[in-house]
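This report describes how strands are arranged into sheets in one protein model, and how a helix is placed against one of them.

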Amino acid sequence: MELLEQIQRRPQRCSKGWSISKLGELGVLTWTGEDVKKDWSDHALWWEKKKTWLLKTHWTLDKYGIQADAKLQFTPQHKLLRLQLPNMKYVKVKVNFSDRVFKAVSDICKTFNIRHPEELSLLRKPRDPSKKKKKKLDDQCEDDTFELEGPLITPGSGTDILYIGPVKGNIYSSPGLYSKTMTPTYDAHDGSPLSPTSAWFGDSALSEGNPGILAVSQPVTSPESLAKMYKPQTLLDKAKINQGWLDSSRSLMEQEVKENEALLLRFKYYSFFDLNPKYDAIRINQLYEQSKWAILLEEIECTEEEMMMFAALQYHINKLSIMSSENHLNHSDKDVDEVDAALSDLEITLEGVDSQPPSPGFPPLHRIHSLLIALLRVNGIIFDFQGDITSIPELADYIKVFKPKKLTLKGYKPYWCTFKDTSISCYKSKEESNGTPAHQMNLRGCEVTPDVNISGQKFNIKLLIPVAEGMNEIWLRCDNETQYASWMAACRLASKGKTMADSSYGMEVQNILSFLKMQHLNPDPQLIPEQINTDINPECLVSPRYLKKYKNKQITARILEAHQNVAQMSLIEAKMRFIQAWQSLPEFGITHFNARSQSAAMMPVATVMPDDTPMFDPRILQELDWSENTTTFSPAISPLDPGDGLVLRPLCTADLNRETFEHMKRSGDYYVTVVEDTNLGQIVATATLVIEHKFTHSCAKRGRIEDVVVSGECRGKQLGKLLISTLTLLSKRLNCYKITLECLPKNVDFYKKFGYLVSDENYMFQRFFN
């Protein structure tokens, strides 16, 4: 073998403590053990050519298929790995490179006291294609690196000691995986990590300054650090990130992971079991950090209202984290009654972190009785005997139902809908509910997506129901938050094959209502503090998209306004609410991958845009308040009914060059609206609304109507008037502070009918080419 041949050629360079003897043509390496004592039990043979560990010591080399010219490496199985945690901080851990990734992740989670390691996995660091190649590690990362060295404890190893940090004579005992006694890791009242956490990390850098460093939220230090991070711009970028997941059934060495290489530890499967505030200090904080960075780096889409709510929660968590750290450092915690603290923990667990703080003034026996009843009820041991326990709960109410067809804008129709078991039945009226339903939908296995706008009082539920032909799209519109929460919770359970008799239904309704409540605007603006620039940095709380759209002062005011809805939450409650809000986003749990067909090369299917993709959401046109229109039409027409055989809709992919279309759609400021003659399959009228963000008006929106064109064959059908009226109302719907257009002098009287005024300014231009 090559190892022995090298020894035979260079016997004079043998390390001290080894001796070489001749045996035929081979050199035999013998350990004398006189000067150096080393434990070689962690070493094993690695076959680089076959990417295989030779761990079955009872096998011969022949059984492995090794020939005389094979090159084997005698190398340690445990090697250092630079691990980026979900909070973007680095730690150095010693990982078994011969174990499967699943086992290695389990050992890492045991070290960090994270329960349910099956929810996490390792991911290669994505490369930013817009930047040039850098060194293996950026120098700036070194400042954020915590050192954690030492062999990871393995289940069943028979040892209770975990050596952590550069050992200097002190040995610390680690409780390992959530400890044998299930010692609480969170303070019951302020949600901060308990000080005994210092025993987990000993005198390593993890315990410097704050003993529970991994359980404490780390705020974004500067906008510059946020700007340097990689942000996926397209679906293809998101798909490329997911190419980096390591195979859980293979070892790190088999997947060509090198010593000291940087890998990402992330929650992979978007399903989190038993998030217990009492025992999951580090797990909850790291999950909060992963969701926070997903929103800041725009890996998941959210609306402006949702972004301000997330920013308010971040601000609140950062403030409470600083306060709790100072309290623990100053040892200023007040004595807490153990019974009262235990009851508070039980309340948090049963109520899903209730938004109302516990009431210590209640008699302990009364609280114990109430909580025991709640505990039995949650586990299905007792029921509410006021109703019929043999029947499954039902919902029945008037709901607006919309079944979209290709490129059409038909309105919602009100139906009397009943929700029983996992099915929804729609009747034309309440009186006909005993007859045959007009529509019936079984929601088992369907996809449920929320579409909510609190300020616009829009509460929609999108259902994609599997049928033989594919997916059937149905929209439900509710009138208020309470109705929406009840129906949304029932739809979510039905999609999993559960009914409203399930014990989680009531909890789901409350979670949805609390999520909506956090997005409400503050009814008392005077309660917002005047000093809004002292301890808040909006550049570190919202994604870059909104920093370009609004000034810092505007964002700060909106964050503090949203903060009024979460100001009374404890630290752990705020983190749990943030995670729940993240889970409620429409794109949560969606993962993009590239697919390869058997007869073609790699094809980025995630970025393929179908021919009927609209430039903007067609529902915006449908939701316009046509009663605000100031122009008369004879005969009467509207965006929903432009005439026989005509459809008013956004411009779609098939109508325009794909590259040009994608460029205009990506900007988000073009609202090209067309009228299509469905009999001819042609566009017969078009107009464009362009949105400008005016620097002199604090980036406020200004609308501009351009390119109003009507086909000669369709003149006299009022299509030009319809487009002007529609885009005028659309600009108001998009919160433009004004709208303008340019016209010839002879057309001034025509546009005055729509409420436009003649400006004193002159229109001037220069043309550079045709």
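Two strands are taken to pair if DSSP finds at least two bridges between them. The model is predicted, and in it five bridges join strand 12 (residues 413–420) to strand 13 (residues 423–427), the two running antiparallel. Within this pairing, K420 has S423 of strand 13 as its bridge partner.

Both strands belong to an open sheet of seven strands, which has the order 14-13-12-11-17-16-15 and antiparallel pairing. Because strand 14 (439–442) and strand 15 (447–453) each have a single partner strand, they stand at the edges, and one side of each is left without a neighbour in the sheet. Direction ignored, neighbouring strands of this sheet are turned against each other by 30 degrees on average.

A second description concerns an open sheet of five strands, in the order 20-21-22-23-24, whose pairing is mixed. Here the edges are formed by strand 20 (646–650) and strand 24 (736–741), each with a single partner strand, so that one side of each lacks a neighbour in the sheet. From one strand to the next, the twist averages 20 degrees. Helix 19 (residues 719–733) packs on this sheet, where it touches strand 20, strand 21, strand 22, strand 23 (700–710) and strand 24, and its direction makes about 25 degrees with that of strand 22. Within the sheet, Y670 stands opposite V690 in strand 22.

The two antiparallel pairings are set out below.

| Strand | Partner strand | Bridges |
|---|---|---|
| Strand 12 (residues 413–420) | Strand 13 (residues 423–427) | five bridges |
| Strand 21 (residues 670–677) | Strand 22 (residues 682–694) | eight bridges |

Note on methods:
Residues are numbered from 1 along each chain as its sequence is written. This is a predicted model: local features need pLDDT of at least 70, side-chain atom pairs count only at pLDDT 80 or more; totals for chains, interfaces and linings use all residues. Side-chain values use heavy atoms; hydrogens and water are left out. Helices (H or I, at least four residues) and strands (E, at least two) are DSSP runs, numbered from the N terminus. Axes are lines fitted to C-alpha atoms, for helices over the stretch in contact, and angles run from 0 to 180 degrees between N-to-C directions. Contact means heavy atoms within 4.5 Å.
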